[in-house]
Amino acid sequence: MRLDHVSYACESDGLLATTERIAAALGADYVKGGVHPRFGTRNMILPLANNQYVEVVEVLNHPASDKAPFGQAVRQRSECGGGWMGWCVAVDDLSPFEERLGRASVPGNRKFPDGQELTWRQIGINGLIADPQVPYLLRWDDGTDELHPSNAIPGMPGSVKLKSLTIAGSAARVTDWLGHPVEKPLENVDVTWIAPAGTPGIMSVTFDTANGPVEI
């Protein structure tokens, strides 16, 4: 169980402009991710150190985005001006979460121009929509390690590091959601919890960059 990535819903000027703004602030490189056909979304990737990444995501005018919870979550956040949508925890086994939540995980996929395909299963987007402080969860399918988005720029491992999160919410609530202490997936990423009785969600993310800490 580890923090895999953070998701940022694009702002009103679109996916590319939003990604370029974040990349410039971090002094980081980005690449086109691709389309998530099952979710009606597409993304850009900013690879980070420690096998993590930032996903900037945009909803498409596609029927899948109306049906898939992930597409609904992206649309909802973008229509509110865009910004941090959620954080994602990678696990080796989703079955305990499927049992606790009473539903099955759903498949996800993204195809590359060369025909390779990144595949995974995920669960918890409905929870994120209802309570944006909680992470959603995924399990990368076997054989996809080299295609992990943190490796999206071959030969150029990410040098920017995810340092800390500020989340409006409660550590106890997230611990209950995960079924594990919230510190377990965060490892060396610090979290400041604020406004436990307020509107929940990620307020900001701080990164270690070549020019020092940058908060977005």
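Ser105 touches Leu94, Glu98, Arg121, Gln122 and Ile123 when residues up to four places away in sequence are not counted; contact means heavy atoms within 4.5 Å. This serine is placed in the loop between α4 and β6 (106–111). Helices (H or I, at least four residues) and strands (E, at least two) are DSSP runs, numbered from the N terminus. With a relative accessibility of 5%, Ser105 counts as buried, where buried means under 20% relative accessible area, exposed over 50%, and partly exposed in between (1.4 Å probe, protein chains only). The side chains of Ser105 and Glu98 are joined by a polar contact of 2.7 Å. A polar contact is a pair of N or O atoms within 3.5 Å; within protein, one must be able to donate a hydrogen and the other to accept it, and residues adjacent in sequence count only if both atoms are side-chain atoms.

The model is predicted: local features need pLDDT of at least 70, side-chain atom pairs count only at pLDDT 80 or more, and totals for chains, interfaces and linings use all residues. Residues are numbered from 1 along each chain as its sequence is written, and side-chain values use heavy atoms, with hydrogens and water left out.

## The protein as a whole

The protein contains 7 helices and 12 strands. Its C-alpha atoms fill a box of roughly 40 × 40 × 35 Å along the principal axes. A compact globule of 216 residues would have a radius of gyration near 17 Å, and the protein, at 16 Å, agrees with this. That radius is taken over C-alpha atoms, and the globule rule is 2.2 Å times the number of residues to the power 0.38. Buried residues make up 50% of the 216 residues. Of the contacts between residues at least 6 apart in sequence, 66% join residues at least 24 apart.

## Helix α1

Helix α1 (residues 15–26) has 12 residues, which at 1.5 Å a residue should span 16 Å; its end C-alpha atoms lie 17 Å apart, in agreement. The expected span is 1.5 Å times one less than the number of residues. Buried in α1 are Leu15, Thr18, Thr19, Ile22, Ala23 and Leu26. Seen down the helix axis, these buried residues fall within an arc of 130°, so they line one face of α1. The arc is that of the directions from the helix axis to the C-beta atoms. The cover over the buried residues of α1 includes β1 (2–9), β3 (41–47), β4 (53–59), β11 (201–209) and β12 (212–215).

## Helix α6

In helix α6 (residues 171–178), the buried residues are Val174, Trp177 and Leu178. They fall within an arc of 90° when seen down the axis of α6, so they line one face of this helix. Ala172 and Asp176 are exposed on the other side of α6. The buried residues of α6 pack against β5 (83–90), α4 (95–101), α5 (125–130), β8 (136–140), α7 (183–186) and β10 (190–194). The N-terminal end of α6 is capped by Ser170, with a side-chain oxygen 3.2 Å from the backbone nitrogen of Ala172.

## Residues with positive phi

Most residues other than glycine have a negative phi. The table lists four residues with a positive value.

| Residue | Phi | Place |
|---|---|---|
| Gly27 | near 65° | follows α1 |
| Asn50 | near 65° | loop between β3 and β4 |
| Gly179 | about 75° | just after α6 |
| Glu187 | about 50° | loop between α7 and β10 |

Asn50 counts as exposed at 51% relative accessibility, and Glu187 counts as exposed at 57%.

## Two aspartates

Asp4 lies in strand β1 and counts as buried, with a relative accessibility of 0%. Beyond the residues up to four places away in sequence, Asp4 touches Asn51, Gln52, Tyr53, Cys88, Val89, Ala90, Trp140 and His148. Asp4 and Thr166 are 162 residues apart along the chain, and their C-alpha atoms are separated by 17 Å.

Asp141 is found in the loop between β8 and β9 (161–168). Its side chain makes a polar contact of 3.0 Å with the side chain of Arg139. Apart from neighbours within four places in sequence, Asp141 is in contact with Thr119, Trp120 and Arg121. Arg121 is also among the residues that Ser105 touches.
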